[in-house]
Amino acid sequence: MLSGHRAPVRSSPVNRTPQQLVADLETLLRPLELELAEAWWESNTRASAEADARRSAADLARRDALSDAGVFAELGAAREDDGLDPLVRRQLDVLYDMFAPNQIPDDLRRRLVEGETAVEATFNTFRGELDGERVDDNTIFEILRTSDDSDVRRRAWETSKQIGAEVGEQVRELARLRNEAARALGYRDHFALALGTGEMDEDRLLATLDEVDRYTAAPFSEWKAGVDAALAARFDCDVDELRPWHLDEPFFQDPPARGAIDLGPVFAERDLEALTLRTYDGLGLDVQAVLDRSDLYTRDGKSQHAFCINMDREGDVRVLGNVEPNERWADTMLHEFGHGIYDRSVRPDVPWLLRGAAHALTTEGIAMLFGRLVRDPDWLANVVELPANELDVLVPLLTEARRAALLVFARWVLVVTHFEHAFYADPDGDLDTLWWDLAERYQLVRRPDGRNAPDWASKIHLAVVPVYYQNYLYGELVASQLDATLRARAGGIVDRPEAGRFLVEEYFAPGATLRWDHLIERATGEALTAAHLARQLA
């Protein structure tokens, strides 16, 4: 599928053994990866024109190194050797998938880097305007969580979408460029390229989407009817008058408190850093080093989102957040530090190229497994130390709250993944309508009357982390399967060092020495399945 690329053939050493080839490429890539990580961290924590220029230069330097057509051909030939050591073969496979998307013309590669840097810089510095004041995302979330005034809520929700109008055309242009690159490599579009070079089968993905849709459609519809009735009563309107701003979150990624459980008061006066440390300490997992290097609180010129980054594959792991004492950020802290402990726990003797998560979906599975703990009775009792009288009130509601969170997030992922599949098929299509068609179908959220705006473009992943959302869906499946495994082998998760040991030894330590599907089957005793998630939704 990689015929027809026009990247120049550069000279490379001849007659290298596969082992020499891997070693040489590690030497080449290590400083480039470190510089890119440092530049990317700077541009997300202290945005400036200088930081953006550094990031763009670092990104382009790395992609230029990965564009060497002579080395790419050498990798292809080396992989044909049937007698390769398995660890060398695995590194060659990883390198091949790194080089493949970069076998494109230099000018196209440059335009991609410049476009991606520019649009992310806009997201990092943009603050919407609400009633004449610039506001951050946390302010909007707070209004949607607490206000009983439908008009105020509507204006806040519309403010959350202003970034979409700002970057919509840029995101379309990025999709066109990504498709141009994919087609130069023989792929249908960027969606197919991303899956094809990411150890993911498109037919399997689409089948999984259909399977999750079947498992969740009926229970979600039933749950959503109850939520709508409660919201209509709260806002003194008919159910068919409800609109997206009547929900607690701009994209309906999480259930509204009225549709599940309101844990806001539980976290309002608590130290989320301390709760995060206590959670992982209870499993014998030390995240203090990650916490020490992290940037967790909001300010101007900083990304408003959250992520974990493995800077050097040598132990420098960091989390970016915008923490406030509420349920959403309690979940996010546990989620991101799940990524962090995974990265920190890969065996140091694993080759540098493989010293990270086996796949994005395997680390998302861990992050989701830990994020779910905010609704776990054992965690609330032992880690949060919620008084017994308060916990007794919550416990009967927690099971349904966990179920609601899974249902809502699964339906949301269906929206985004199907949207991206169609987006790259036709970036110039009527995406505004498509977005709301999918939201109405999968989330049962009625579109705003007469609205014609690129609301889809306000989701940062579509711009800067393209074709990633399917990893969240698989991550949910992984989390449910690991949860079942840990309950069977360690009796649960909270304050169980044996669960921590299992995760480290069987799941984290191998890094990417195994393909993701082989890792999951080895660790849990079965191939990845939706059956465990389905049982949690029953």
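**Helix packing and the nonpolar cores**

Helices H14 and H21 pack with their axes 10 Å apart, at an angle of about 65°. The model discussed here is a predicted one. The crossing of this helix pair is right-handed. On the H14 side, the contact is made by Ile 341, Tyr 342 and Ser 345, which meet Val 504, Tyr 507 and Phe 508 of H21. Sorted by type, the residues of this contact come out as 5 nonpolar, 1 polar and no charged.

H14 and H21 turn up again around helix H15, since both are included in what covers the buried residues of H15. Also in that cover are H12 (272–281), H17 (388–425), H20 (470–490) and H22 (516–524). H15 itself runs over residues 360–371, 12 residues in total, and reaches 16 Å from its first C-alpha to its last, close to the 16 Å expected at 1.5 Å a residue. Because 11 of its 12 residues are buried, H15 is largely enclosed by the rest of the structure. The buried set takes in nonpolar side chains, including Leu 361, Ile 366, Met 368 and Phe 370, but Glu 364 is also one of its members.

Phe 370 leads on to the largest nonpolar core, which has 127 residues. Phe 370 is listed there with Phe 267, Phe 337, Trp 379, Trp 435, Trp 456 and Tyr 507 as the residues with the most contacts inside the core. H17 gives the most to this core, at 18 residues. Set apart from it is another core, this one of 24 residues, with Val 22, Ala 78, Leu 95 and Met 98 among them.

Back in the 127-residue core, Trp 379 shows what one of these well-connected residues touches. With neighbours within four places in sequence left aside, the contacts of Trp 379 are Phe 267, Leu 275, Thr 279, Leu 334, Leu 373, Val 374, Val 384 and Val 494. Phe 267 thus appears both as a partner of Trp 379 and in the list of residues with the most contacts in the core.

Trp 456, from that list too, is also in contact with Val 171. Val 171 is found in helix H8, residues 162–184, and counts as buried because its relative accessibility is 1%, well inside the cut-off of under 20%. Beyond its neighbours within four places in sequence, Val 171 is in contact with Val 119, Phe 423, Leu 462 and Ala 463 as well as Trp 456. Between the C-alpha atoms of Val 171 and Gly 511, 340 residues apart along the chain, the separation is 33 Å.

Definitions and conventions. Residues numbered from 1 in each chain as written. Predicted model: local features only at pLDDT ≥ 70, side-chain atom pairs only at ≥ 80, totals over all residues. Heavy atoms only, no water. Helix = DSSP H or I, 4+ residues; strand = E, 2+ residues; numbered from the N terminus. Expected span 1.5 Å × (residues − 1). Buried < 20%, exposed > 50% of the residue type's maximum accessible area, 1.4 Å probe, protein only. Contact = heavy atoms within 4.5 Å. Core = buried A, V, L, I, M, F, W, Y, C linked by side-chain atoms within 4.5 Å. Axes fitted to C-alpha atoms, helices over the stretch in contact; angles between N-to-C directions. Left-handed = near helix turned anticlockwise from the far one by under 90°.
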